[in-house]
Amino acid sequence: MQTTIRTAISFEGIGLHSGKPARLTIRPASANHGVWFKRVDILLGDNMVPARWDAVELSPLCTRIKNRAGVEISTVEHVMAALAGCGVHNALIEIDGPEVPILDGSSAPFVRGILSRGARVLPMPLRVMEVLTPVEVHTAHGWARLSPGQGGLSMDFHIDFDDAAIGVQDKTLNLANGTFVRELCDSRTFCRQADVDTMRANGLALGGNMENAVVVDGDRVLSPGGLRHADEAVRHKMLDALGDLSLAGVPILGHYTGHKAGHSMTNMLLREIFSMPEAFRMIEVDGHTAARLPGAGVVRDEIPAVA
Ligand SMILES: [Zn+2]
């Protein structure tokens, strides 16, 4: 069955790129509502933006959604990953500014908040997208693929950075049984010191600091306290991928492979599969399949203690 959050919960913080403070509140929503953002600071005109693949505006550093009136919200991926990873299918997310607060750079604060409220089961069956044939997108930087899976959602991710502090990292995970909460949710955004100055010069990362991003320089991790996991970077890329895939609007049954992929590539992948009706089918899940979705089997005590 579909779910929503039991009662509302709020988060406050600054936007990673804008540096602006924002307050975000996740509210319950009815079945078949999906996830929508509402810009409560915009009082005139259409302030509702669907958290959906076809509302994504391609942007290199974060996932930004925009409605037809031009109202946008940036950096939606970490709160979207938290909802998907906790099995919340319907929510209204109110926000009083253009960017989701970055908090600690991971999804863990959102996960902790969502799990503190719990999920309410709604009287409507859950529909999911089952991948039937492989779909792939390539760019000059890497590639991403969705292929038929084994009943739930699984992922392979490969990254390769010159900086030795990140280097080559590979990870494979099946996202069943609360894996997202245990293995991925506390991994933070990362960047290279060399890129920080460039981003700032372009008016980006204005809210970034050593507390909400892992900053590396060559073989050194500059952020105090170091890494939360030796392979925190690839874990964060998988977290981002789950958030970006959740913009399909329904959970996906399949296997995702990301090879030096990022937000834009995952969105291009969704655009590709939605343009190929023979590559997927929408089905109502039975109990057996529902138990293998990323939000099933989540245990609140398993949120990593570090976060
Ligand atoms: Zn991210």
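Hi everyone. Let's start with the overall layout: the centres of domain 1 and domain 2, taken over C-alpha atoms, are separated by 17 Å. Before I go on, please keep in mind that this is a predicted model. Domain 1 runs over residues 3-121 of the protein chain, and domain 2 over residues 127-302.

How many residues does each domain bring to the contact? Domain 1 brings 36 residues, and domain 2 brings 36 residues as well. On the domain 1 side, two helices each supply at least two residues: α1, which covers 77-85, and α2, which covers 108-117. The top contributor on that side is α1, with 8 residues. If we sort the domain 1 side by class, we get 21 nonpolar, 12 polar and 3 charged residues.

Let's stay with α1 for a moment. As general background, two packed helices are described by the angle between their axes and the distance between the axes. Here the partner is helix α5, residues 232-245, and the axes of α1 and α5 come within 7 Å and cross at roughly 80 degrees. That crossing makes the two helices, α1 and α5, roughly perpendicular.

Which residues make this contact? From α1 we have E77, H78, M80, A81, A84 and G85, and from α5 we have L239, D240, L242, G243 and D244. By class, the α1 and α5 contact holds 5 nonpolar, 3 polar and 3 charged residues. Please remember E77, H78, D240 and D244 from that list, as some of those names will come back.

Now to the annotated positions. In UniProt, an unreviewed entry puts the annotation "binding site" on H78, H236 and D240. These three span 163 residues in sequence, yet no two of their C-alpha atoms are more than 9.5 Å apart, so they gather at one spot.

Let's look at two of them in turn. H236 lies in helix α5. Is H236 buried or exposed? H236 counts as buried, because 27 C-beta neighbours are found inside 10 Å and the cut-off for buried is 20 or more. Leaving aside neighbours within four places in sequence, H236 is in contact with S187, R188, T189 and F190.

D240 is also found in helix α5. D240 is buried too, with 26 other C-beta atoms within 10 Å. Not counting residues up to four places away in sequence, D240 touches E77 and H263.

That brings us to H263, which the unreviewed UniProt entry covers with the annotation "active site". H263 is found in helix α6, residues 263-274. With 23 other C-beta atoms within 10 Å, H263 is buried. Which residues does H263 touch, not counting those up to four places away in sequence? The list is C62, T63, E77, D240 and D244. So here are our names again: E77, D240 and D244 touch H263, and E77, D240 and D244 also take part in the contact of α1 with α5.

Next, a couple of prolines. P109 sits in helix α2, and P109 counts as buried with 22 C-beta neighbours inside 10 Å. Setting aside neighbours within four places in sequence, P109 is in contact with F11, L103 and D104.

The other one is P251, in the loop between α5 and β19, where β19 covers 252-259. P251 counts as buried, with 27 C-beta neighbours inside 10 Å. Beyond four places in sequence, P251 is in contact with V128, L153, L293 and P294. Take L293 from that list: P251 and L293 are 42 residues apart along the chain, and their C-alpha atoms are separated by 7.5 Å.

Let me finish with two backbone details. L103, which we just met as a contact of P109, has a positive phi of about 55 degrees although L103 is not a glycine. L103 is found in the loop between β9, residues 91-95, and α2, and L103 counts as buried with 23 C-beta neighbours inside 10 Å.

K260 has a positive phi as well, near 50 degrees, and K260 is a residue other than glycine. K260 is found in the loop between β19 and α6. How many other C-beta atoms lie within 10 Å of K260? There are 16, which means K260 is partly exposed.

That's my tour. Thanks for listening!

Definitions and conventions:
Residues numbered from 1 in each chain as written. Predicted model: local features only at pLDDT ≥ 70, side-chain atom pairs only at ≥ 80, totals over all residues. Domains from an automatic or database assignment. Contact = placed C-beta atoms within 7 Å. Helix = DSSP H or I, 4+ residues; strand = E, 2+ residues; numbered from the N terminus. Nonpolar A, V, L, I, M, F, W, Y, C, P; charged D, E, K, R; others polar. Axes fitted to C-alpha atoms, helices over the stretch in contact; angles between N-to-C directions. Parallel < 35°, antiparallel > 145°, perpendicular 65-115°, else oblique. UniProt positions renumbered as here; feature names shortened; annotations may be inferred. Buried ≥ 20, exposed ≤ 12 C-beta atoms within 10 Å, placed from the backbone.
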